[in-house]
Amino acid sequence: MLDKQSPIPMYVQIEDYLKNQILQGDFVIGEAIPSERELTDTFDVSRMTVRQSITNLVNEGLLYREKGRGTYVATPKIEQPLSGLTSFTEDMLSRGMKPSNKLISFEKMIPEIDIMHELQLAKDEEVFVVKRIRYADDKPMAIERSYLPVKLVPNLELNDIEGSLYSFIEKDKRLIISHASQRMEAVLVKKEDAEFLQIFMPSAVLLIERISYLTNDVPIEIVRSTYRADRYKFISEIRR
Ligand code: 16G
């Protein structure tokens, strides 16, 4: 199965072998792969080598480990296009997944200076700050902190944000969200977010900051969304 003479390191060969098995469906999602000991025997390599291959596949999001139990085949990551200005609820429903939220905080305040500038607000203008954990099929996917100018959604209440925020803005407020600019970076998860997202410290997460505008170029929302990197993959089509 493996080529010991090959310049390709053994752990890479084992990794490729397991990856092929996973991708061609030899293991189903949630199924345990053979133990480290079994793989060590099968491939006649050291435990260190096997561990390295598995760690790489865990980091790639193909496998996950459960302490003291074993290593299992992970659910494939969500492939999220970077091009559409869609809501979390729309995204999950279009995949046949059940979206839900947990509200962490809901406040009205004068924002920090960078938010104030980006939302084109005057010094004393307030924003609503909504922090929610977003779930798909009851699994935590992201944490979103949204800033909305109070003057645009003056009577925003708790029950308006239990479901879809975009639906509230568009259907209840009859505002048209038209375009947005966004940036994305990889960061290490903050301690409090790690607990909400149910991931270990330190873990890398994907941070997206998006500023959305109405048709008249008035900013309606700044969002800082922290996505689980093991559950999300962002994709875009590019042309030359
Ligand atoms: C998306 C948006 C977020 C928006 C939310 C509304 C990004 C980075 N974020 O997650 O800005 O607040 O959708 O979702 O794309 P909702 O309508 O389900 O509440």
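Is arginine 134 buried or exposed? Keep that in mind while we walk through this predicted model; we will come back to it at a later stop.

**Stop 1: the whole chain**

Start by showing the full protein chain as a cartoon. You should find seven helices and 10 strands. The C-alpha trace spans about 70 × 45 × 35 Å along its principal axes. Of the 240 residues in the chain, 22% are buried. If you look at contacts with a separation of 6 or more, 58% of them join residues 24 or more positions apart.

**Stop 2: two domains**

Now colour residues 10-73 one way and residues 78-235 another. These are domain 1 and domain 2 of the domain assignment. Taken over C-alpha atoms, the centres of the two domains are 35 Å apart.

**Stop 3: a hairpin and a loop in domain 1**

Select residues 63-66 and residues 70-73, which are strand 1 and strand 2. The two strands run antiparallel and are joined by four bridges. Show arginine 65 and look across to strand 2: threonine 71 stands opposite. Between the strands of this hairpin there are three residues, and glycine 68 takes a positive phi near 75°.

Next, go to aspartate 44. You will find this residue in the loop between helix 2 (36-43) and helix 3 (47-59). Aspartate 44 has a positive phi of about 55°, although it is not a glycine. Is aspartate 44 buried or exposed? Aspartate 44 is exposed, because 11 other C-beta atoms lie within 10 Å and a residue with 12 or fewer counts as exposed.

**Stop 4: the six-stranded sheet**

Move to domain 2 and bring the sheet into view. In which order do the six strands of the open sheet lie? The order is 4-5-6-9-8-7, with antiparallel pairing. Strand 4 (99-109) and strand 7 (177-188) stand at the edges with a single partner strand each, so one side of each has no neighbour in the sheet. From one strand to the next, the twist averages 15°.

Zoom in on strand 4 and strand 5 (residues 127-136). They pair in the antiparallel sense over 10 bridges. To see one partnership, select serine 100: its bridge partner in strand 5 is tyrosine 135.

**Stop 5: back to arginine 134**

Stay on strand 5, where arginine 134 has its place. Here is the reply to the opening question: arginine 134 counts as buried, because it has 20 C-beta neighbours inside 10 Å and 20 or more is the cut-off for buried. Leaving out residues up to four places away in sequence, arginine 134 touches Phe88, Asn101, Met141, Ala142 and Glu144. For a distance to draw in your viewer, try phenylalanine 200: this residue is 66 residues from arginine 134 along the chain, and their C-alpha atoms are separated by 18 Å.

Then look at aspartate 137, in the loop between strand 5 and strand 6. Aspartate 137 is not a glycine, yet has a positive phi of about 50°. It counts as partly exposed, with 13 C-beta neighbours inside 10 Å.

**Stop 6: an edge strand**

Select methionine 184 in strand 7. With 13 other C-beta atoms within 10 Å, methionine 184 is partly exposed. Beyond residues up to four places away in sequence, methionine 184 touches Leu206, Leu207, Ile208 and Phe234. Now draw a line to aspartate 41, which is 143 residues away along the chain: the C-alpha atoms of the pair are separated by 43 Å.

**Stop 7: a cis peptide bond**

Select methionine 201 and proline 202. A cis peptide bond joins them, with omega about -10°. Proline 202 is in the loop between helix 7 (191-197) and strand 8.

**Stop 8: around the ligand**

Finish by showing the ligand and its surroundings. Which residues come nearest? Of the 14 residues around the ligand, they are Ser87, Thr89, Ser164, Tyr166 and Val223. Helix 4 (88-94), strand 6 (139-149), helix 6 (165-172), strand 8 (204-214) and strand 9 (219-228) each give two or more residues to this shell. If you colour the shell by class, you will find five nonpolar, six polar and three charged residues.

Conventions
Residues numbered from 1 in each chain as written. Predicted model: local features only at pLDDT ≥ 70, side-chain atom pairs only at ≥ 80, totals over all residues. Pairing = 2+ DSSP bridges. Axes fitted to C-alpha atoms, helices over the stretch in contact; angles between N-to-C directions. Near = placed C-beta within 6 Å. Nonpolar A, V, L, I, M, F, W, Y, C, P; charged D, E, K, R; others polar. Domains from an automatic or database assignment. Contact = placed C-beta atoms within 7 Å.
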